[in-house]
Amino acid sequence: MTHTGPRRDAPCDASTTGTEDGISEAEHELYGGRFRYDQSYVRHQGPLTRLSFGHMAAALPRMMAMVLRTGWQTDRQALAGVVVAQLGQGVTSAWGLIAVNSVLTQLFSDGPTADKLRQALPALIVLGLTAVAAAPGNAPAGTEFHIVGVHLHLQDERGRILLGLRHPRSTFAPSTWHFLAGHCEREAAIACLVREAKEEAGLTIAPEDVELVLTVHLVDSPNAQPRIGLVFRARSWAGDPEVLEPDRCVEWRWWNPQDLPAEVVPYTRQAIDGILDGRRYSEVGWGER
């Protein structure tokens with residue numbers, strides 16, 4: 001079922017694809033056939049990973065050439081950046097291995113421990129510098145990393161809001177009503193929202209039908225890691241909510257925003273109230289720090 005406006009999805013036409021049977025050269029090369037999706041699980045027909053190490057090693061140069069050729073044709077600047085980053089990572093790893101070997105050699109040699117530590121000190125310094133250089137996302141002192149979560153604010157034609165009842169044994173907010181939500185992996189926030197909607201409730205949402213309506217900056221307790229909650233509204237979607245991850249959510253239900261149940265995640269209730277009042281930003285838990 002399609003809700004709140006027409007869909008923008010165009011029908012797939014096999015005759016318009018530029019490869020035989022709609023299977024690309026990359027799929028043939030990497031998976032031995034069509035790359036298939038089944039909800040959140042991926043299945044491959046004849047993947048290279050089922051072959052022997054010798055076959056994979058023999059195919060590696062051809063695969064690398066294909067990737068480099070594609071990158072050169074698509075975005076040369078991005079390709080150059082990736083190559084430089086990989087080379088830098090390789091050099092850093094090599095220095096780290098050399099430093100580790102030197103430290104171990106010194107520590108396992110004969111002689112007093114104090115003398116061995118002094119001899120190993122230069123290698124330890126190099127090892128420490130290598131670890132700092134290789135650390136992802138070096139940040140200034142005092143920086144506290146935040147967890148980014150996405151939340152779906154979905155309203156039907158009667159203005160009711162979709163909430164899910166979390167599993168009684170859920171680590172977070174058991175037996176409590178909450179937005180359809182999830183944590184961002186290494187992906188864009190809207191892509192995460194689209195993925196979570198499909199995986200958790202079977203809803204199909206086009207990225208262009210999504211808009212950010214509220215940002216929540218919250219912390220659950222004085223020592224908890226802070227979070228950024230992005231609440232998105234979907235103007236249209238396809239499908240009816242289904243319980244696809246029963247270990248997390250046991251029921252989906254539409255609620256009147258003026259008549260929410262008592263058991264609602266506090267920042268979810270505050271976000272709904274803020275959206276109704278036209279606010280775009282909210283804070284939760286910071287007064288307790």
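Is Arg279 buried, partly exposed or exposed, and what is its relative accessible area? Arg279 is partly exposed, with a relative accessible area of 37%. The model behind that value is predicted.

**Overall make-up**

The chain has 289 residues, and 32% of them are buried. Six helices and 12 strands are assigned. Among contacts with a separation of 6 or more, 63% join residues 24 or more positions apart.

**A three-stranded sheet**

One open sheet holds three strands, in the order β6-β5-β11, with antiparallel pairing. β6 and β11 are the edge strands, each pairing on one side only. Six bridges join β5 to β11 in the antiparallel sense. One residue pair can be named here: Arg166 has Cys249 in β11 as its bridge partner.

Thr176 sits in the loop between β5 (161-166) and β6. Thr176 counts as buried because its relative accessible area is 14%, under the 20% cut-off. Beyond its neighbours within four places in sequence, Thr176 contacts Gly164, Leu165 and Arg166. Thr176 also contacts Glu263, Val264 and Val265.

**Aromatic pairs**

The whole structure contains two aromatic pairs. One of them joins Trp177 and Trp255. Their ring centres are 5.2 Å apart and the planes meet at 75 degrees, an edge-to-face arrangement. Trp177 belongs to strand β6 (residues 177-178) and Trp255 to strand β11 (residues 249-255). The pair thus links distant parts of the chain, 78 residues apart. Both Trp177 and Trp255 are buried.

**Nonpolar cores**

Which residues touch the most other members of the largest nonpolar core? They are Leu163, Phe179, Val216 and Val231, in a core of 20 residues. At least two residues of this core come from each of β5, β8 (210-218) and α6 (266-277). A separate core has 19 residues, including Leu180, Trp237, Cys249 and Trp252.

Leu163 has a long list of contacts once residues up to four places away in sequence are set aside. Trp177, His178 and Phe179 are among them. So are Glu251, Trp252, Arg253 and Trp255. Leu260, Thr268 and Ile272 complete the list. Both members of the aromatic pair, Trp177 and Trp255, therefore touch Leu163.**Cysteines**

Why does Cys192 form no disulfide with Cys184? A disulfide is a covalent bond between the sulfur atoms of two cysteines. The sulfur of Cys192 has its closest cysteine sulfur in Cys184, 4.1 Å away, which is too far for a bond. The cut-off is 2.5 Å. A search of the whole structure returns zero disulfides.

Cys192 is buried, at 0% relative accessibility. Cys249 is buried too, at 10% relative accessibility.

**Salt bridges**

Side chains of opposite charge can pair when their charged atoms come close. The whole structure holds 11 salt bridges. Three of them are tabulated here, with the relative accessible area of each partner.

| Basic residue | Acidic residue | N to O distance |
|---|---|---|
| Arg233, 25% | Glu211, 30% | 3.2 Å |
| Arg227, 25% | Asp220, 43% | 3.6 Å |
| Arg279, 37% | Asp277, 56% | 3.2 Å |

What does the pair of Arg233 and Glu211 tie together? Arg233 lies in strand β9 (residues 227-234) and Glu211 in strand β8, so the salt bridge ties parts that are 22 residues apart in sequence. Arg233 is partly exposed, and Glu211 is partly exposed as well.

Arg227 and Asp220 meet through their side chains. Arg227 counts as partly exposed. Asp220 also counts as partly exposed.

The opening residue returns in the salt bridge of Asp277 with Arg279. Asp277 counts as exposed because its relative accessibility is 56%, over the 50% cut-off. Arg279, at 37%, is partly exposed.

Salt bridges also link five named residues in a network: Glu185, Glu187, Arg195, Glu196 and Glu199.

Key. Residues numbered from 1 in each chain as written. Predicted model: local features only at pLDDT ≥ 70, side-chain atom pairs only at ≥ 80, totals over all residues. Heavy atoms only, no water. Phe/Tyr/Trp six-rings, centres within 6.5 Å; stacked < 30°, edge-to-face > 60°. Helix = DSSP H or I, 4+ residues; strand = E, 2+ residues; numbered from the N terminus. Buried < 20%, exposed > 50% of the residue type's maximum accessible area, 1.4 Å probe, protein only. Contact = heavy atoms within 4.5 Å. Core = buried A, V, L, I, M, F, W, Y, C linked by side-chain atoms within 4.5 Å. Pairing = 2+ DSSP bridges. Salt bridge = Lys/Arg side-chain N within 4 Å of Asp/Glu carboxyl O.
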